[in-house]
Amino acid sequence: MNITTRPPLWLLTLLIMFPQLVETLYSPALPDIARAFEVSHERAAQTLSVYFIAFAVGVALWGWLCDHIGRRPAMMAGLVCYGVGATMAVVANDFTLLLLARMVAAIGAASGSVVVQTMLRDSYESTALARVFSVMGAALAMSPVFGLVSGGWLVSLYGHTGVFFALVWLALLLLILTFFSLAET
């Protein structure tokens with residue numbers, strides 16, 4: 001354990017909340033997506049299915065990458081990947097492109113949970129790690145409420161495009177915070 005490179009807990013908390021937050025922020029946009037892309041609600045819900053499948057692939061990818069390129073570079077690459085996927089969703093004018101965008105975003109989002117858990121295990125031992133994971137668990141429990149409320153508010157004001165823009169800005173904000181505040185463990 002290397003105490004001198006222990007990353008800030010506030011940032012790790014934001015990063016571990018990121019995957020769950022972005023998905024719950026997105027969910028209220030599904031009816032608007034169905035209307036805008038002229039697809040059924042069931043077809044719009046496919047954006048969730050492809051997201052979860054790609055997220056599972058991303059978990060394996062980021063686990064391997066954070067061991068090979070380092071935790072910090074893997075986290076930054078994941079946020080860039082998510083930002084690219086969210087940007088693709090903003091400009092998507094075809095439902096197939098939206099599905100692809102959701103897959104790219106999901107692969108990137110998976111970095112939030114995998115890399116953060118790895119960094120926590122690098123930085124804390126035993127009872128300290130258990131305390132940190134309990135704080136993370138509380139934050140994760142709150143993130144769906146914040147995501148659903150924020151997503152509903154964004155959809156009511158700006159439609160699904162507003163949600164996608166918010167997701168791009170969130171990825172960019174977290175990338176900047178990670179660049180300046182996250183040390184390699």
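In this predicted model, the side chains of Thr 47 and Tyr 26 form a polar contact at 2.5 Å. Thr 47 belongs to helix α3, which covers residues 41-68. Its relative accessibility is 0%, so Thr 47 counts as buried, since the cut-off for that class is under 20% relative accessible area. Apart from neighbours within four places in sequence, the residues in contact with Thr 47 are Tyr 26, Leu 30, Phe 95, Leu 98, Leu 99 and Arg 102. Tyr 26 therefore appears both in this set of contacts and as the partner in the polar contact, where "contact" means heavy atoms within 4.5 Å.

The surroundings of Thr 47 are part of a helical chain. The protein chain has six helices and zero strands, and its pattern along the sequence is α-α-α-α-α-α. Its radius of gyration is 17 Å, close to the 16 Å that the globule rule gives for 185 residues, so the chain is as compact as a globular protein of that length. Along the principal axes, the C-alpha atoms fill a box of roughly 55 × 30 × 25 Å.

Burial and contacts can also be given for the whole chain. Of its 185 residues, 51% count as buried. Among contacts with a separation of 6 or more, 82% are between residues 24 or more positions apart. The accessible surface of the chain is about 8,700 Å², and carbon and sulfur atoms account for 70% of that area. The chain carries 8 positive and 9 negative charges, and the mean positions of the two groups are 8 Å apart.

Two residues deserve a note on backbone geometry. Most residues other than glycine have a negative phi. Glu 38 has a positive phi, near 55 degrees, although the residue is not glycine. Ser 126, also a residue other than glycine, has a positive phi near 45 degrees. The table sets out both residues.

| Residue | Phi | Location | Relative accessibility |
|---|---|---|---|
| Glu 38 | near 55 degrees | loop between α2 (30-36) and α3 | 74%, exposed |
| Ser 126 | near 45 degrees | helix α6 (residues 126-181) | 60%, exposed |

Where does Glu 38 lie? Glu 38 is in the loop between α2 and α3. Ser 126, in turn, lies in helix α6, which spans residues 126-181. Glu 38 counts as exposed because its relative accessibility is 74%, and Ser 126 is exposed with a relative accessible area of 60%; the cut-off for this class is over 50%.

Definitions and conventions. Residues numbered from 1 in each chain as written. Predicted model: local features only at pLDDT ≥ 70, side-chain atom pairs only at ≥ 80, totals over all residues. Heavy atoms only, no water. Helix = DSSP H or I, 4+ residues; strand = E, 2+ residues; numbered from the N terminus. Buried < 20%, exposed > 50% of the residue type's maximum accessible area, 1.4 Å probe, protein only. Polar contact = N/O pair within 3.5 Å; in protein donor to acceptor, adjacent residues only side chain to side chain. Rg over C-alpha atoms; globule rule 2.2 N^0.38 Å. Areas by Shrake-Rupley, 256 points an atom, 1.4 Å probe, with all protein chains shown as cover. Lys, Arg positive; Asp, Glu negative; His and termini not counted. Charge placed at Lys NZ, Arg CZ, Asp CG, Glu CD.
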